[in-house]
Amino acid sequence: MDAKVLDGRDLATELVREARVDAAEDRFFTNRANMDMADRVISIVATVLVAACVCALLAHVLFV
């Protein structure tokens, strides 16, 4: 009977270990997706800012 209890404990331990690994992978991919989205937002904001600066410089050169 002790052997079955130990097997059950080993099984439970393995299931918990797998659940933790799965949760860690989910967190990794979620963080990765959030970082990718942040990178996109930053690049769009930087592009708009650079475009605005170029337009302002061009207007200054042409009209002043």
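## A one-helix chain

A compact globule of 64 residues would have a radius of gyration near 11 Å, yet this chain comes in at 28 Å (taken over C-alpha atoms, with the globule rule being 2.2 Å times the number of residues to the power 0.38). This is a predicted model, where local features need pLDDT of at least 70, side-chain atom pairs count only at pLDDT 80 or more, and totals for chains, interfaces and linings use all residues. Residues are numbered from 1 along each chain as its sequence is written, and side-chain values use heavy atoms, leaving out hydrogens and water.

The C-alpha trace spans about 95 × 5 × 5 Å along its principal axes. You'll find 1 helix and 0 strands here (DSSP runs, H or I of at least four residues for helices and E of at least two for strands, numbered from the N terminus). The helix, α1, covers 2-63, and Val-64 sits in the segment after it.

As for burial, 0% of the 64 residues are buried (under 20% relative accessible area; exposed is over 50%, partly exposed in between, with a 1.4 Å probe and protein chains only). Two exposed residues are tabulated here:

| Residue | Relative accessible area |
|---|---|
| Cys-55 | 54% |
| Val-64 | 77% |

What about disulfides? The count is 0, a disulfide being a pair of cysteine sulfur atoms within 2.5 Å. The sulfur of Cys-53 has its closest cysteine sulfur in Cys-55, 9.4 Å away, so that is too far for a bond.
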